[in-house]
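The following exercises are to be worked with the sequence and the coordinates at hand. Each task is followed by a stepwise solution.

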Amino acid sequence: FNMVTVIIIYESLNAYLYFKSREVKREGKISLRVFDMNEENAVTLNSLFFRKTIVFLSNKIDEKVLRHEEGHVKQFNYIYAFLVSIAAVQPLAKIIVILGILLGKFILWKMERDADLYAYFKYGIKYESDAKRPNSRIERLKEWIFDSHPPDWVRTKGEYYEKKVGLVKLLLNDLLS
């Protein structure tokens with residue numbers, strides 16, 4: 001893939017969500033839209049063509065989810081910058097791409113944590129989940145790798161909401177304890 005292809009794919013995914021959803025409300029410059037997929041979640045569209053749009057994947061706007069996504073609207077568009085960076089280094093050695101993917105994963109965790117911290121410090125909303133922490137380190141590592149957020153059992157801990165505790169420390173504490 002070249003850079004143009006990567007951007008077209010990313011923008012197409014955003015366009016799909018935008019045009020399949022319908023606007024139900026505006027909060028200042030933020031468009032709130034719904035696309036009923038019966039999933040209690042939302043996606044922030046913050047791309048070149050679709051900015052400041054939150055698409056809820058159900059017919060209801062959940063206040064907790066809204067405040068988390070509001071945090072994403074206020075963030076620099078790391079995903080777009082990441083995609084452009086990865087596309088630009090593709091002709092280089094594969095090791096750079098692997099390092100880029102690892103950096104991208106860390107950036108996703110950071111973005112999600114920053115949105116959680118935003119919802120917590122601005123609205124007093126902590127992430128809630130009944131997810132149990134697996135006993136196996138391999139299973140815990142898989143959760144860290146294959147989810148865009150830190151694992152649910154980490155997001156519900158008090159130390160997750162302490163700004164001075166870094167993501168690497170949270171990861172290592174989870175995997176080594």
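**Exercise 1. The span of helix α4**

Task: Establish whether the end-to-end distance of α4 agrees or disagrees with the span expected at 1.5 Å a residue.

Solution. The model is a predicted one.
Step 1. Helix α4 holds 30 residues, which at 1.5 Å a residue should span 44 Å.
Step 2. The C-alpha atoms at its two ends lie 43 Å apart, so the distance agrees with the expectation.
Step 3. Beyond the helix, α4 is followed by Gly124, which has a positive phi near 70°.

**Exercise 2. The surroundings of α4**

Task: Identify the buried residues of α4 and the elements against which they pack.

Solution.
Step 1. Buried means a relative accessible area under 20%.
Step 2. In α4 the buried residues are Gly100, Gly104, Lys105, Trp109, Met111, Glu112, Arg113, Ala115, Asp116, Leu117, Tyr118 and Ala119.
Step 3. These buried residues pack against α2, α3, α5 (137-146), α6 (152-155) and α7 (167-176).

**Exercise 3. The two sides of α1**

Task: Determine how the buried residues of α1 are arranged about its axis, and what they pack against.

Solution.
Step 1. Helix α1 covers residues 3-20, and its 18 residues reach 26 Å from the first C-alpha to the last, close to the expected 26 Å.
Step 2. Val6, Tyr10, Glu11, Asn14, Ala15 and Leu17 are the buried residues of α1.
Step 3. Viewed down the axis of α1, the buried residues fall within an arc of 165°, so they line one face of the helix.
Step 4. An α-helix has 3.6 residues a turn, so residues three or four places apart point the same way.
Step 5. Val4, Phe19 and Lys20 are exposed on the other side of α1.
Step 6. The buried residues of α1 pack against β3 (42-45), β4 (53-56) and α3 (78-89).

**Exercise 4. Strand β2 and its partners**

Task: Describe the pairing of β2 with β1 and with β4, and state which residues of β2 point each way.

Solution.
Step 1. Strand β1 (residues 22-27) and strand β2 (residues 30-34) run antiparallel and are joined by 5 bridges.
Step 2. Across this pair, Arg22 stands opposite Val34, and Lys25 has Leu32 as its bridge partner.
Step 3. The hairpin of β1 and β2 has 2 residues between the strands, and Gly28 takes a positive phi near 65° in this hairpin.
Step 4. The pairing of β2 with β4 is parallel and comprises 4 bridges; in it, Arg33 has Val55 as its bridge partner.
Step 5. In a regular strand the side chains alternate between the two faces of the sheet.
Step 6. In β2, Ile30, Leu32 and Val34 point one way and Ser31 and Arg33 the other way.
Step 7. Strand β2 is mostly covered, with 5 of its 5 residues buried.

**Exercise 5. Two loop residues**

Task: Decide whether Phe35 and Ser47 are buried or exposed, and list their contacts beyond four places in sequence.

Solution.
Step 1. Phe35 lies in the loop between β2 and β3, and Ser47 in the loop between β3 and β4.
Step 2. Phe35 has 14% relative accessibility and therefore counts as buried. Ser47, at 1% relative accessibility, also counts as buried.
Step 3. Leaving aside residues up to four places away in sequence, Phe35 touches Tyr16, Leu17, Lys20, Ser21, Val55, Phe56, Leu57 and Ser58.
Step 4. With neighbours within four places excluded, Ser47 is in contact with Tyr10, Glu11, Asn14, Asn77 and Tyr80.

**Exercise 6. Helix α2 and the largest pocket**

Task: Explain why α2 is described as largely enclosed, and characterise the lining of the largest pocket.

Solution.
Step 1. Of the 11 residues of α2, 9 are buried, so the helix is largely enclosed by the rest of the structure.
Step 2. What covers these buried residues includes β1, β2, β3, β4, α4 and α6.
Step 3. The largest pocket holds about 580 Å³ of space.
Step 4. Its lining comprises 25 residues, of which Ala42, Val43, Thr44, Ile79 and Glu112 lie nearest the centre.
Step 5. The elements that give two or more residues to this lining are α1, β3, α2 (63-73) and α4 (94-123).
Step 6. Helix α1 supplies the largest share of the lining, 5 residues.

Notes
Residues are numbered from 1 along each chain as its sequence is written. This is a predicted model: local features need pLDDT of at least 70, side-chain atom pairs count only at pLDDT 80 or more; totals for chains, interfaces and linings use all residues. Side-chain values use heavy atoms; hydrogens and water are left out. The expected span of a helix is 1.5 Å times one less than its number of residues. Buried means under 20% relative accessible area, exposed over 50%, partly exposed in between (1.4 Å probe, protein chains only). The arc is that of the directions from the helix axis to the C-beta atoms. Contact means heavy atoms within 4.5 Å. Two strands pair if DSSP finds at least two bridges between them. On a 1 Å grid over the protein atoms alone, a cavity is a set of points where a 1.4 Å probe fits but cannot get out, and a pocket is an open set with protein on both sides within 12 Å along at least five of seven lines; lining residues have an atom within 4 Å of a point. Grid points are joined across faces, edges and corners, and a volume is the space filled by probe spheres set on the points.
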